[in-house]
Structure formats: structure tokens, C-alpha cells
Amino acid sequence: MDISVIGCGRWGSFLAWYLDRLNHRITLYGRAGSQKMKTLLETRTNGLVTLNKGIVLSENLAETVGTAEILVVSIGAQSFRSLMRELSALSLGGKTIVLCMKGLEAETGRRLTQIVEEYAPKVPCAIWVGPGHVQNFVRGIPNCMVIDSHSMEIKEYLVKAFSSDLIRFYYGTDLLGNEVGAAAKNVIGIAGGMLDGLNRTALKGALMSRGTREIARLIQAMGGNEITAYGLSHLGDYEATVFSEFSHNRRFGELFVRGENYGELAEGVATTTALLRLGEEYRVELPICRAVDVVINGKKEPKTVLSDLFLRSLKMEF
């Protein structure tokens, strides 16, 4: 198939590498002026993956979209609306959009598939979520992931196109729940990093238990299936997000509570804002999301906030 990957960061570059490995015809797009794209154009590597010569590198979005049958998108969630404005001006007939990023729009709380529907309502859309780090995949360590969409036909089409010995795909059955769960795991990852930074790693068991329950309640209130929070998009992604040395969100939380500069905000920070907005809208208490927010944005003392969260409340577990 002709597949175009939009986004040349760590995950986007991996997706181009992975899909090329499956013998698809791949174009990888990056913005003109992007340092990551400049490096790929000059060296064809970002230090994690090396791209075969058959992969076309492009800084022209219209040409990238061109004859592609599938558009695989991997950019920051907060930049997605801007991209969809650009894509909506191009011919998208006959194409399928696959979202390979985990986030919610901070200003509105909207899911990314909802933004696709705003700008391209007739274009089939799916999400590709679940655990996995580039560093493990390129070493040949396999994992399980999820493809979800409103359309079973689209799910079958994509699973057939994307499956390999490296990634086993499951068919998602709750698009809303998988989107919210995938985004929310980044917030739990930040909280996990904060516990690491405070030498409270032993509390990660409580974090996983209560975090999953918290997000399950929100998914249910929004009209999804609460059990989805216990699947690959959320709880199943905790190892890669809450524990892994490669997790950006975990590392961000760890350095933040130590007063060290991470260099950029992790995606989970904006997701925290979006989740709290949704929590208010659907009247669901989100104590872990609230704790992460008051530490990062409220500048509260992290040890006190996290101790209050896990150690000082007397309540029934279920």
C-alpha cells in the first residue's frame, strides 16, 4: 500500500521504519525547518531508527497526502487541530486517517477523532494505541497493541495491513474508551515519575489500582465501557509509561519534583487539563489528575500532595 506518515518525531519515524519493514510504500512528512526532519534528510537516522532509502522524505504536505491510501498521523495532540485545517483543504477522498498519538485537546477536552470529524466528516478514521517503545521494538522485542474505529471494516483493513511478528493487534470495541484511556495513561505516567522522584516508588501499586478505577469511572460517565480502562490502551500501557526508563511522561514527573529541567512539557500535562475539564463536565472526581495538576500548575509541594492523595484519606476501596 501507499502509506504516508505525518510527523517525524521519535514515534512517527519508527512508524515509517516499521511499515516499510512490512513492504508498504512509505512517505514520511516533517515540517520544513524542523530540526528532526533536517537530521533525517541529512543522515536518514535519528539515533533510534535508520530509514531505508526506499522511504521518501518530504517537507511538502500536499505531495505527502497525494496518492496515499492511508495517512498515519503522529504529532503532538495540541497541534492536531492545526494539521486538520491544512488536511481539510486537500483531497482526502478514498483515504483512511489513522491516529497514532495519545492525547486530548486541552482547551476543549475533545478527543482527536472528534476533531477529524469536524474537518473531514466523510473520511474513515481509526486509532492505533497501546504499549510499546521504539527502543524495544527495534531490538526485536514484540508487543500487543489496539486498532479501534467506529467501523469494523476499517479495523479489519488496518489490522491486516499493519500486523507482523513484532506487533500483534487486537480489535478495539470502544473507541471513546480507548481514546480517553490512551490519553489518560500519560497523566498516570507523570504521577508515577513523581513517586520515583520522591522515593515513593512502592506506592505505584496504589497508583495503578486507583488510577485505572478513576479513568474507568470517567469513561463510563462519558458513555464508554468502563472495562476498557483495564485493557491495552490504559492499564496495559502502564509498564511502558509508569515504569519504563524510556517513558517521557514518567521521566518528566521524576525530574519535575526534583526541581530539574526536562526541557519541554510532556504530553500528559496538557492531557491533565483536558481530563479535569471532562471531569467537571461529567461530574466525575479525578483525584490523581487533580494532584498532578496542583503540583505542576498550582506549584503545591509534591510530597504533601501525593501523601495526602495516597496515605491520609480514610475510605472504602470499592
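# Why these words fit this model

Trainee: Which residues does Arg111 touch, not counting residues up to four places away in sequence?
Mentor: Arg111 touches Leu104, Leu176, Glu179 and Val180, where contact means heavy atoms within 4.5 Å. This is a predicted model, where local features need pLDDT of at least 70, side-chain atom pairs count only at pLDDT 80 or more, and totals for chains, interfaces and linings use all residues. Residues are numbered from 1 along each chain as its sequence is written, and side-chain values use heavy atoms, leaving out hydrogens and water.

Trainee: Why is Arg111 called buried?
Mentor: Its relative accessible area is 9%. Buried means under 20%, exposed means over 50%, and partly exposed lies in between (1.4 Å probe, protein chains only). Arg111 is therefore buried. You will find Arg111 in the loop between β5 (96-99) and α5 (112-119); helices (H or I, at least four residues) and strands (E, at least two) are DSSP runs, numbered from the N terminus.

Trainee: How do you know that Phe169 is buried?
Mentor: Set its 8% relative accessible area against the cut-off, and Phe169 counts as buried. Phe169 lies in strand β8 (residues 167-171). Leaving aside neighbours within four places in sequence, Phe169 is in contact with Tyr18, Trp128, Met145, Val146, Ile147, Val159, Phe162 and Ser163.

Trainee: What makes Thr241 buried?
Mentor: Thr241 has 2% relative accessibility, so it counts as buried. Thr241 sits in helix α10. Beyond four places in sequence, the contacts of Thr241 are Lys185, Asn186, Gly189, Ser247 and Arg250.

Trainee: How far apart are Thr241 and Gly192 in space?
Mentor: C-alpha to C-alpha they are 8.3 Å apart, with their positions 49 residues apart in sequence. For another pair, take Phe169 and Gly263: they are 94 residues apart along the chain, and their C-alpha atoms are separated by 34 Å.

Trainee: Why is strand β1 described as largely enclosed by the rest of the structure?
Mentor: Of the 5 residues of β1 (residues 2-6), 4 are buried, so the description fits.

Trainee: What makes β1 and β2 a pair?
Mentor: Two strands pair if DSSP finds at least two bridges between them. β1 and β2 (residues 25-29) have 5 bridges, in the parallel sense, so they meet that rule. One of the bridge partners is easy to look up: Ile3 is matched with Ile26 in β2.

Trainee: What makes a group of residues a nonpolar core?
Mentor: The members must be buried Ala, Val, Leu, Ile, Met, Phe, Trp, Tyr or Cys, joined through side-chain atoms within 4.5 Å. The largest such core here has 41 residues, and Val180, Met194, Leu207, Leu218 and Leu275 have the most contacts inside it. Elements that each supply at least two of its residues include α8 (175-197), α9 (204-222) and α12 (267-282). The largest share, 10 residues, comes from α8. Leu218 is in contact with Val180, Leu275, Leu278, Gly279, Val284 and Leu286, leaving aside neighbours within four places in sequence. A second, separate core of 35 residues includes Trp11, Met37, Ile70 and Leu158.

Trainee: What makes an empty space a cavity or a pocket?
Mentor: On a 1 Å grid over the protein atoms alone, a cavity is a set of points where a 1.4 Å probe fits but cannot get out; a pocket is an open set with protein on both sides within 12 Å along at least five of seven lines. Lining residues have an atom within 4 Å of a point. The whole structure has 2 cavities of 30 Å³ or more. The largest cavity has a volume of about 60 Å³ and the second largest about 30 Å³. Among the residues lining the largest cavity are Leu99, Lys102 and Glu179. Leu195, Leu198, Arg200, Leu203, Lys303, Leu306 and Ser307 line the second largest cavity, and α14 gives the largest share, 3 residues.

Trainee: Which residues lie nearest the centre of the largest pocket?
Mentor: Trp11, Ser74, Ile75, Gly76 and Glu267 do, out of 46 lining residues. The volume of this pocket is about 1300 Å³.

Technical notes: Grid points are joined across faces, edges and corners, and a volume is the space filled by probe spheres set on the points.
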